[in-house]
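Colleague: Hi! I'm new to this one, could you walk me through it?
Modeller: Happy to, let's have it on screen and go through it together.

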Amino acid sequence: MHLSLISVVFISLLINAIYLVFTPDAIALTQIKLFEVSYHECTPEIAKGLVNSNSRNILPANCFIVTGKAENTTNQTVYDADIFGRVYDANNDPVMQNRNRLGSIPEVSPGINDFNLRISVPTNQPTPLKLKKFKAVGFSSSVRPEKLYLNLESQH
């Protein structure tokens with residue numbers, strides 16, 4: 001009994017030592033300021049066949065491209081920056097109920113960068129749209145295992 005307790009303690013210490021030596025780099029969240037945010041309609045090629053689903057049925061939708069500037073004030077590239085914001089229609093009704101994450105920016109270099117993302121808005125919601133509280137949060141290194149995705153795509 002006493003020998004097994006010593007073995008368990010030794011194995012636990014060994015595992016902890018391995019984790020201390022081989023831990024990955026810390027991935028810190030970085031705030032990205034978004035400004036000059038506006039939108040325009042999609043080209044017909046991009047908007048073709050676009051629909052917006054809700055819990056009961058599929059609705060026809062209008063396609064819009066949201067554009068703006070992203071400011072990275074750090075001296076390192078930020079990766080996989082999630083874009084958050086609120087989109088309202090002309091009647092101040094939310095366009096995307098219970099959804100604040102609108103898309104992402106794969107890379108944001110130090111300084112000011114252009115960004116764009118596509119959104120779909122049900123055709124029954126009147127324009128002009130109101131874009132509010134846009135911001136982005138990214139990581140100091142990529143959080144998406146690109147090699148894994150490439151391998152999975154090549155198998156199909």
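Colleague: Let me jump right in: is aspartate 82 buried or exposed?
Modeller: Aspartate 82 is buried, because its relative accessible area is 18% and the cut-off for buried is under 20%. Keep in mind that this is a predicted model.

Colleague: And what does aspartate 82 form a salt bridge with?
Modeller: With arginine 101; the closest N and O atoms are 3.0 Å apart. The pair links distant parts of the chain, with aspartate 82 in strand 4 (residues 78-88) and arginine 101 in strand 5 (residues 101-108), 19 residues apart. Arginine 101 is partly exposed, with a relative accessible area of 35%.

Colleague: How many salt bridges does the structure hold?
Modeller: Two. Besides the pair we just looked at, lysine 69 forms a salt bridge with aspartate 114, and there the closest N and O atoms are 2.7 Å apart. Lysine 69 sits in strand 3 and aspartate 114 in strand 6 (residues 111-122), so this pair ties together parts that are 45 residues apart in sequence.

Colleague: How accessible is lysine 69? And what about aspartate 114?
Modeller: Lysine 69 counts as partly exposed, at 26% relative accessibility. Aspartate 114 is exposed, with a relative accessible area of 59%.

Colleague: Let's zoom out. How many helices and strands does the protein chain have?
Modeller: Three helices and seven strands. Starting from the N terminus, the elements run α-β-α-β-β-β-β-β-β-α.

Colleague: What share of the residues counts as buried?
Modeller: 28% of the 156 residues in the protein chain. The chain exposes about 11,100 Å², and carbon and sulfur atoms supply 55% of that area.

Colleague: What about contacts along the sequence, how many join residues at least 24 apart?
Modeller: Taking contacts between residues at least 6 apart in sequence, 81% join residues at least 24 apart.

Colleague: New topic: which cysteines form a disulfide?
Modeller: Cysteine 42 and cysteine 63, with their sulfur atoms 1.8 Å apart. Cysteine 42 lies in the loop between strand 1 (29-41) and helix 2 (44-47), while cysteine 63 lies in strand 3 (residues 58-72), so the pair ties together parts that are 21 residues apart in sequence. The count of disulfides comes to one.

Colleague: Which hand does that disulfide have, and why?
Modeller: The disulfide is left-handed, because the torsion about the S-S bond of cysteine 42 and cysteine 63 is about -65°. Both cysteine 42 and cysteine 63 are buried.

Colleague: How many aromatic pairs turn up in a search of the whole structure?
Modeller: One. Tyrosine 39 and phenylalanine 64 form an edge-to-face pair, 5.3 Å centre to centre and with 85° between the planes. Tyrosine 39 belongs to strand 1 and phenylalanine 64 to strand 3, so the pair ties together parts that are 25 residues apart in sequence.

Colleague: Are those two rings' residues buried or exposed?
Modeller: Phenylalanine 64 counts as buried, at 3% relative accessibility. Tyrosine 39 counts as partly exposed, at 25%.

Colleague: Last thing: which residues form a nonpolar patch on the surface?
Modeller: Phe10, Ile11, Leu14, Ile15 and Ile18, with about 470 Å² of accessible area together. One of them, leucine 14, is found in helix 1 (residues 2-21). Leucine 14 counts as partly exposed, at 43% relative accessibility.

Colleague: Lovely, thanks for the tour!

Definitions and conventions
Residues are numbered from 1 along each chain as its sequence is written. This is a predicted model: local features need pLDDT of at least 70, side-chain atom pairs count only at pLDDT 80 or more; totals for chains, interfaces and linings use all residues. Side-chain values use heavy atoms; hydrogens and water are left out. Patches are made of residues with over 30% relative accessible area and no salt bridge: like charges are joined within 9 Å, nonpolar side chains (Val, Leu, Ile, Met, Phe, Trp, Tyr) within 5 Å. Accessible areas come from the Shrake-Rupley method with a 1.4 Å probe; for residues, only the protein chains shown count as cover. A salt bridge is a side-chain nitrogen of Lys or Arg within 4 Å of a carboxyl oxygen of Asp or Glu. Helices (H or I, at least four residues) and strands (E, at least two) are DSSP runs, numbered from the N terminus. Buried means under 20% relative accessible area, exposed over 50%, partly exposed in between (1.4 Å probe, protein chains only). A disulfide is a pair of cysteine sulfur atoms within 2.5 Å. Contact means heavy atoms within 4.5 Å. Rings of Phe, Tyr and Trp (its six-membered ring) pair if their centres lie within 6.5 Å; planes under 30 degrees apart count as stacked, over 60 as edge-to-face and the rest as tilted.
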